[in-house]
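This report looks at charged side-chain pairs and at the spaces enclosed or bordered by the protein.

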Amino acid sequence: MKYIALIPNTYKDKELIYFHKIKELLISYSMTVCVPTEYQTLSLGNEVLYTDCLENIDLIIVIGGDGTILKHSVQAAEHDIPLLGINLGKIGYMASVEKENLEKLAEIVQGHYSIEKRMMLEIAALNKTYYALNDAVISNGGVSRMVDIELESDQMTVCRYYADGIILSTPTGSTAYSLSAGGPVIDPELDCICATPICPHSLTARPVIFSKKSTLTVYTHSKDRNLFLSIDGSDNLEIPEGGTVNIKSSPYILSLVKTYSQNFYKTLNAKLN
């Protein structure tokens, strides 16, 4: 391991305290630190620009929380670069290192870590393609009004939901919004897609788990108003009345770095209790 990209969340690390601390630690282990272009104006020392060494990067380290990991997961997956999260947030469910335990970085840069392969979603909407590590959510946005949506799997009708919306999640996303909406916890070693209705107006509307080979289509039937598609909690795209959203397993897979002491159920109990 030689080239490491270091990407801070300046909202959570406003003074770049952890950024500098981690940077110096990596340099002490003879690592070449690559930084994003937007930080080139800072007096950071002898790092090279992220874009100048992208093809040679051995590891991407993001400093923040789960949102920071989600933001950079697509680029990491597209370039098949392992991603490591340093948690500065509240939960940091996907992060492997807490800010109080930065010494664990020494083990990682020396090769003492494991890789978890996390499936992603490919979402087609509005003639564009998007990718998500956690989920795609179709709803009224911030308005608490029931929507009328129909879900198909491989051109076969699954259910027509009258609900606040629907969440299509990966196993990674099963412990996020989907869990709050009553969806199941899914082991990340499984490859599947979970459809969870949000506050359905039916006693029989329940989450459904589909094979990763399935292609799901959501039809919007709500009259006189558009719906919104949120991808990993960020992109908020307006879907016109009668519009469709297609969701399937992405060709990209995220390699998430984990320490040997971590396991899914230990993290689940520690973070979500």
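In what follows, buried means under 20% relative accessible area, exposed over 50%, and partly exposed in between, with a 1.4 Å probe and protein chains only. The model is a predicted one, in which local features need a pLDDT of at least 70 and side-chain atom pairs count only at pLDDT 80 or more, while totals for chains, interfaces and linings use all residues. Residues are numbered from 1 along each chain as its sequence is written, and side-chain values use heavy atoms, with hydrogens and water left out.

The pLDDT, the predictor's confidence in each residue from 0 to 100, averages 89 over the chain, and 93% of the residues score at least 70. Confidence is lowest in strand S3 (residues 48–49), at a mean of 56, and highest in strand S14 (residues 208–211), at 98; helices (H or I, at least four residues) and strands (E, at least two) are DSSP runs, numbered from the N terminus.

A search of the whole structure yields five salt bridges, each a side-chain nitrogen of Lys or Arg within 4 Å of a carboxyl oxygen of Asp or Glu. The table lists three pairs, among them one that involves Lys23 of helix H1 (residues 17–28).

| Salt bridge | Closest N and O atoms |
|---|---|
| Lys23 and Glu24 | 3.1 Å |
| Glu116 and Arg118 | 2.5 Å |
| Asp191 and Lys212 | 3.8 Å |

The pair of Asp191 and Lys212 links distant parts of the chain, since Asp191 lies in the loop between helix H4 (177–180) and strand S13 (192–198), and Lys212 in the loop between S14 and strand S15 (215–220), 21 residues apart. Asp191 counts as partly exposed because its relative accessible area is 36%, and Lys212 likewise because its value is 39%. Lys23, by contrast, is buried because its relative accessibility is 5%, whereas Glu24 is partly exposed at 45%.

Glu116 and Arg118 also belong to the lining of the largest cavity, together with Tyr93, Lys258, Gln262, Asn263, Phe264 and Thr267. Strand S7 (114–125) and helix H5 (264–272) are the elements that give two or more residues to this lining. On a 1 Å grid over the protein atoms alone, a cavity is a set of points where a 1.4 Å probe fits but cannot get out, a pocket is an open set with protein on both sides within 12 Å along at least five of seven lines, and lining residues have an atom within 4 Å of a point.
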